[in-house]
Amino acid sequence: MTFVPVIPESYSHVLAEFESLDPLLSALRLDSSRLKCTSIAVSRKWLALGSSGGGLNLIQKDGWKHRLFLSHREGAISQVACCLHDDDYVAVATSQGLVVVWELNQERRGKPERIYVSSEHKGRKVTALCWDTAILRVFVGDHMGKVSAIKLSTSKQAKAAAAFVMFPVQTITTVDSCVVQLDYLDGRLLISSLTRSFLCDTEREKFWKIGNKERDGEYGACFFPARCSVGQPPLVYCARPGSRLWEVNFDGEVISTHQFKNLLSSPPLPVITLRTEPQYDHTVGSSQSLSFPKLLHLSEQCVLTWTERGIYIFIPQNVQVLLWSEVKDIQDVAVCKSELFCLHLSGKVSHLSLLSVERCVERLLRRGLWNLAARTCCLFQNSIIASRGRKSLTVDKLEHLRSQLDLTTCSDLISQLEELILKFEPLDSACSSRRSSISSHESFSILDSGIYRIISSRRGSQSDEDSCSLHSQTLSEDERLKEFASHQEEDQPDQCCGSQGNEDSVSHVPVTLETDKNETFLPFGIPLSFRSSSPLVSLQAVKESVSSFVRKTTEKIGTLHTSPDLKVRPEPRGDEQSCEEDMSPITCPKEEDTEGEKEVTGQPPEEDKLQELKIATAEAMTKLQDPLVLFEPTSLRMVLQEWLSQLEKTFAIKDFLGISHTGHSSMTPNQDVLLLDESKKGILDDDNEKEKRDSLCNEETVDQTACESVNTLREPLDDLFRVSSPCSIANGLQKDLAELTTLCLELNVLNSEMKSTSGHVDHTLQQCSPETLACQFLKKYFFLLDLTRAKESIKLSYTNSPSVWDTFIEGLKEMASSNPTYMEMEEGDLPTRLKLLDDSVPYDSPLLIAYATLLYEKFGESALRALIRFYPSILPSDVMQLCRHHPAQFLAYLDSLVKSRPEDQRPSFLEALLQPESLRLDWLLLAVSHDAPPSTSTMDDEGDPRPHSHLFSWGYSQLILHLIKLPADFTTKEKMTDICRSHGRDWPC
């Protein structure tokens, strides 16, 4: 092996490629001649690769997992930009000039959706995309010089109005030539064209030309953020001809010109890569007069650019070239911290890291790349000796590196490495022992396990175990954890450039395969402070943690049972408050004092009943935290049934009291069911006993009659809803009650033990239909339900039981009736009422569907078409319930909803509406069976569709085409074909 040249001391950083992305591109099929990568962008989480086929691949950087694929029918992807302050948004420009903005919905684990498509630059070539750094706004520049801004919103109200009101597109300016680059910082937009650069204040709409001299060609410009630690304000750097950069202040005034022409005459530094051995030529070349097509801010104090020859990294404020390296045929570069992702003209992508030489060598050692690490040490030995990083790259590591080299093939390299070790510290009597050979019997011992234990006799070693060179390379668990944290802080020249944030953290050991294997799958981003070096200690810690949780939970439940603060207190008189904690805004209606009535002694006060319910609720919520209960339907139902029995005990008796004396109780519109005086309970019990005996006597002969008797018994209840709480409930308890009550409805746990007021099992309730029980449950506990979840549950579980939906809507109407808007909605035409609804009712209110029902009952199909403005607060599934008796009206609504979106968004929007998939066949059947041409024109005598029958005037032809063109499996396509053919429509090619 030839002698390795030494690079001058001034170079302390290097570009390194530790892994190839070729396998990733191959897996994505982006390495063929037909399909290749055309654009690139990067954020903290994603690597975005646009393809010539119109697809956008989003790969998670952590582990290089291919997570998302977004398709575009508008042409190849020409530009991509990831939102840096919110990883859930990405903007894409296509070859047709359309700009598509995607919301990935990763936090909600939903499907990605197009939230906007801009045709402002249609027919032009989009040359630059840039996101605002604070809000959701995208800046777009094209080859004609036009710059526009797309302002987005993610509020529910804005989303609901998206189908009716388009997002605003603002034209910022039109410059004199093609837009080369856009950048944004702190309210200022930087535009670089072929002739000059412009600075725009987007809030005040002010524009400045930067400098007086024009240029001709592609020259980039970028912001240089402020550095608070040194009091430096934000700056702008603009590329100029002849390898120059203008330094500009934030007001657009040129401060100075930096010349790098002569500095670039130095030879290029090699890229440390596994593909080839690093080479360095000392020959000094001529000065380079270059034009920099783009400028990118890198790390803290660096600016990166590139040409067809290589990559250049400057420290502009020091007028210093940090490095330049030959990397051929670069089309575009995306940077994140100290990572570089280079897109080449061939469509390949390379992943480079800018890091100090010491960090580079450490990473190579951890991967077991001994030869490459040794050559890097020899190349940059001046930098290693003079640097401040010798605490991380110690003599022990260099000695271990030397011991791993093959003496027969790497003799020159070993010789250079030994010279480096000698130069690492001044020679003294203690240093001579460093070069002791590993082959000497005095330098190692063999343990019983067969492991060679290397012994060092250096002065200052703490012990034989600490000083052995192999042991010093095998880091303990705690040391590795510390190293994880230290790798997040980048080493930079003069606090400028750093190492990669997710730097490899596995200690290097002689077994190369094990090192690489462990390094690949280590989850660097997960904090590991809970991990222990001993598995027994870890298991003991888990055991203690679980035991502590169970103990605290038990104590909490015991406290609820035994706490003296929770004992029954005397019933408050007058306006005295009975609870000290914050109460929900709903208060109990006051009972009127009636003369001649006496209290029944022994009746537990209201607070006592709520206290029992509170204890039962706390126990149920605690049990639901147990995975063995939560994920076991039988156990979950038992817990809910046990809790529901207490809920019925607390509230259902009050229902029955109100029923028995509805004729004697004075009730106001805001009172749902009033509690009666205790003196009347005896009569109630006698009545209930009699009803029960009558129903039991006829048990064998009544089936439907039993339900009727129950309905008759509860007939007054069928007309009343508990839309407000009959008594004050603390906010915390109200939340838990809502959770458990809604869960009972979702799991169809509607009457638990089904007991009558006398305590015996009510067999008549058992014979009632599920929808009857659901309706009664809704009316009794409407004030406790999570209305949004309840609505979705009813649509899924009671699709064929319209009475449950009607009951739910009646409850919503009852709740809304106390709102002044409800009364105002009784008057006026449809536009007036819609405007009132827009102004008065929040889009996320569960009462919105109740107001929509009022509009539909008054105005019919025209009201349905107007409901598209409330999507997605009102979904097609809601409208299907409203007009279930008139499917043609739902079809009109669906057609209007789809047509309200831009034409290029309609297929993807319709696909998003088809949840579940079975709706596809139902909606297709509706579309081909309504407003269709006569069957005599579309079908022959044998019942087959006539050729080209799809060209007839079908009322919903566009909707039909959208439905049949959406991707689907073979079985679904066959069923769709049969539906079309059975209605006289031939299947189009």
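How exposed is Asn748, in terms of relative accessible area? In this predicted model, Asn748 is partly exposed, with a relative accessible area of 39%. Asn748 sits in the loop that connects helix 19 (731–746) with helix 20 (763–766), and its phi is near 60°, a positive value in a residue other than glycine.

Before turning to further local detail, it helps to look at the whole chain. The protein chain contains 34 helices and 31 strands. Of its 989 residues, 50% are buried. Among contacts between residues at least 6 apart in sequence, 61% join residues at least 24 apart. The chain exposes about 48400 Å², and carbon and sulfur atoms supply 51% of that area.

Confidence deserves a friendly word of its own. The mean pLDDT of the protein chain is 74, with 70% of residues reaching 70 or more. Over residues 455–538 the pLDDT is below 50, and this stretch has 156 contacts in the model beyond near neighbours in sequence. Residues 559–604 also have pLDDT under 50; for these residues the model has 56 contacts beyond four places in sequence.

Among the strands, one open sheet can be followed in some detail. Four strands make up this sheet in the order 23-24-25-26, with antiparallel pairing. Strand 23 (296–298) and strand 26 (320–326) form the edges, each pairing on one side only. From one strand to the next, the twist averages 25°. Six bridges join strand 25 (residues 310–315) to strand 26 in the antiparallel sense, and Gly310 has Glu326 of strand 26 as its bridge partner. The loop between strand 25 and strand 26 holds Val319, whose phi is near 50°, again a positive value in a residue other than glycine. Val319 is partly exposed, at a relative accessible area of 32%.

The helices offer a picture of their own towards helix 30 (residues 906–913), where Arg906, Pro907, Phe909, Leu910 and Leu913 are buried. Viewed down the axis of helix 30, these buried residues fall within an arc of 165°, so they line one face of the helix. An α-helix has 3.6 residues a turn, so residues three or four places apart point the same way. The cover over the buried residues of helix 30 includes helix 28 (876–882), helix 29 (887–899), helix 31 (919–929) and helix 33 (957–965). Helix 28 also borders a loop, shared with helix 27 (861–866), in which Pro872 lies. The peptide bond from Tyr871 to Pro872 is cis, with omega near 5°.

Note on methods: Residues numbered from 1 in each chain as written. Predicted model: local features only at pLDDT ≥ 70, side-chain atom pairs only at ≥ 80, totals over all residues. Heavy atoms only, no water. Buried < 20%, exposed > 50% of the residue type's maximum accessible area, 1.4 Å probe, protein only. Helix = DSSP H or I, 4+ residues; strand = E, 2+ residues; numbered from the N terminus. Arc of directions from axis to C-beta. Contact = heavy atoms within 4.5 Å. Pairing = 2+ DSSP bridges. Axes fitted to C-alpha atoms, helices over the stretch in contact; angles between N-to-C directions. pLDDT = per-residue confidence, 0-100. Areas by Shrake-Rupley, 256 points an atom, 1.4 Å probe, with all protein chains shown as cover.
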